[in-house]
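Here's a protein chain to explore with the 3D viewer open. Take a moment to turn it around before reading on.

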Amino acid sequence: MSRALAGLPAVPEAVLEFAAGAPLELAWANEVGGLTYRVDAASGPVFLKWDPAGSIESLAAERERLGWLQGRFPAPRVVGFGGDERGEWLATAALDGLSAVAAPWKAEPETAVRAIASGLRLLHETLDAASCPFTWSVDARVATAAENGRVVPDALREAPPIDRLVVCHGDPCSPNTLIGASGRFAAIVDAGRVGAADRWADLAVASMSLGWNYGDGWEPLFFDTYGVARDEQRIAYYRALWDAT
């Protein structure tokens, strides 16, 4: 069973059990039924993600990646995980910072875009792709798409030569960067696809996401802040692969 908050989706039973009566606030709802709640637990605020059974996302995969990132790169710390036939849940300790699409940063898009770009550059430069136990390669993405019933066009099965192999975020859209009170990059969230891949797999999507969240015209600042010239071939390819997978 689950209970509905007024005007909001029904709260999954697993979320209610974890909260154990602590105040709940719906922080995010995605297009495929995933929900994220803020739980004001006695030990400190926690963000609790819940994905329904059949979701194409894997909170188990995110738990593994967050465990690997601890001590290596700023990302949430896992404090609980579980699941049953209804879905999975993942609890992480809250971090200082707000999503890059929170109201204060949407009102300061230049600051937000700089933070997103500098955070992505830091991720790509800090972590060693050779030691990363996860992949976000084209072959892996095509295989995952097939498992989820999606057919990737033949034209996308052969990627451009890798420019630079890095540890990619895998879902580098603007909401998944946290920005601190200073306006600087603070951490990444939604790390379920973290893995080794060409840096343009991240750059193409992160830059595309700016238009969805801040309007047109921010891509030049993004690439200037990251420190790379646009690569139109790789941008076009990885944006098409994102749409296809």
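What follows is a short tour of this predicted model, from its sheets and helices to its pocket, its cavity and a couple of unusual backbone angles.

## The five-stranded sheet

Let's begin with a sheet. Five strands, lined up as β3-β4-β5-β7-β6, make an open sheet with antiparallel pairing. At the edges sit β3 (24–29) and β6 (78–84), and each of these pairs on one side only. The sheet isn't flat: on average, neighbouring strands are turned by 20 degrees against each other, ignoring direction.

Now zoom in on one pair. Strand β4 (residues 35–41) and strand β5 (residues 44–52) run antiparallel and are joined by 7 bridges. To see what that looks like for a single pair of residues, find Leu 35, which stands opposite Trp 50 in β5.

## A helix on the sheet

Which strands does helix α2 touch as it packs on the sheet? Helix α2 (residues 59–69) touches β5, β6 and β7 (87–93), and its direction makes about 25 degrees with that of β7.

Several residues of α2 are tucked away: the buried ones are Leu 59, Ala 61, Glu 62, Arg 65, Leu 66, Trp 68 and Leu 69. Notice that Glu 62 and Arg 65 are on that list too. These buried residues pack against β5, β6 and β7, and also against β9 (165–168) and β11. Just after the helix comes Gly 71, with a positive phi of about 85 degrees.

## The three-stranded sheet

There's another open sheet to find, with 3 strands in the order β8-β10-β11 and antiparallel pairing. Here β8 (98–99) and β11 (185–188) are the edge strands; each has a single partner, so one side of each has no neighbour in the sheet.

In the middle of that order, β10 (residues 177–179) is joined to β8 by 2 bridges and to β11 by 3 bridges. On the β8 side, Leu 98 has Ile 179 as its bridge partner. On the β11 side, Thr 177 stands opposite Ile 188. β10 and β11 form a hairpin with 5 residues between them, and Gly 183 in the turn has a positive phi of about 90 degrees.

## Checking a helix with a ruler

Here's a bit of arithmetic you can follow on helix α6 (residues 199–214). At 1.5 Å a residue, its 16 residues should span 22 Å, and its end C-alpha atoms are 23 Å apart, which agrees.

Is α6 mostly covered or mostly open to the outside? It's mostly covered, with 14 of its 16 residues buried. Just after α6, Gly 215 takes a positive phi of about 95 degrees.

## A pocket and a cavity

Next, look for empty space. The largest pocket holds about 1,600 Å³. Its lining is made of 49 residues, and those nearest its centre are Trp 28, Asp 171, Pro 175, Asn 176 and Asp 190. At least two lining residues come from each of β3, β4, β5, α2, β7, β8, α6 and α8 (232–244). β5 gives the largest share, 4 residues.

How many cavities of 30 Å³ or more are there? The count comes to 1, and the largest cavity has about 50 Å³ of space. Its lining is Ile 116, Leu 120, His 169, Asp 171, Pro 172, Cys 173, Asn 176, Thr 177 and Ile 188. Some of these names should look familiar: Asp 171 and Asn 176 line the cavity and are also among the residues nearest the centre of the largest pocket.

## Two unusual backbone angles

Finally, two residues have a positive phi without being glycine. One of them is Ala 20, at about 50 degrees. Ala 20 sits in the loop between α1 (13–19) and β3. Its relative accessible area is 65%, over the 50% cut-off, so Ala 20 is exposed.

The other is Asp 190, with a phi near 55 degrees. Asp 190 lies in the loop between β11 and β12 (195–198). Its relative accessibility is 27%, which falls between the 20% and 50% cut-offs, so Asp 190 counts as partly exposed. You've met Asp 190 already, as one of the residues nearest the centre of the largest pocket.

Key
Residues are numbered from 1 along each chain as its sequence is written. This is a predicted model: local features need pLDDT of at least 70, side-chain atom pairs count only at pLDDT 80 or more; totals for chains, interfaces and linings use all residues. Side-chain values use heavy atoms; hydrogens and water are left out. Two strands pair if DSSP finds at least two bridges between them. Axes are lines fitted to C-alpha atoms, for helices over the stretch in contact, and angles run from 0 to 180 degrees between N-to-C directions. Contact means heavy atoms within 4.5 Å. The expected span of a helix is 1.5 Å times one less than its number of residues. Buried means under 20% relative accessible area, exposed over 50%, partly exposed in between (1.4 Å probe, protein chains only). On a 1 Å grid over the protein atoms alone, a cavity is a set of points where a 1.4 Å probe fits but cannot get out, and a pocket is an open set with protein on both sides within 12 Å along at least five of seven lines; lining residues have an atom within 4 Å of a point. Grid points are joined across faces, edges and corners, and a volume is the space filled by probe spheres set on the points.
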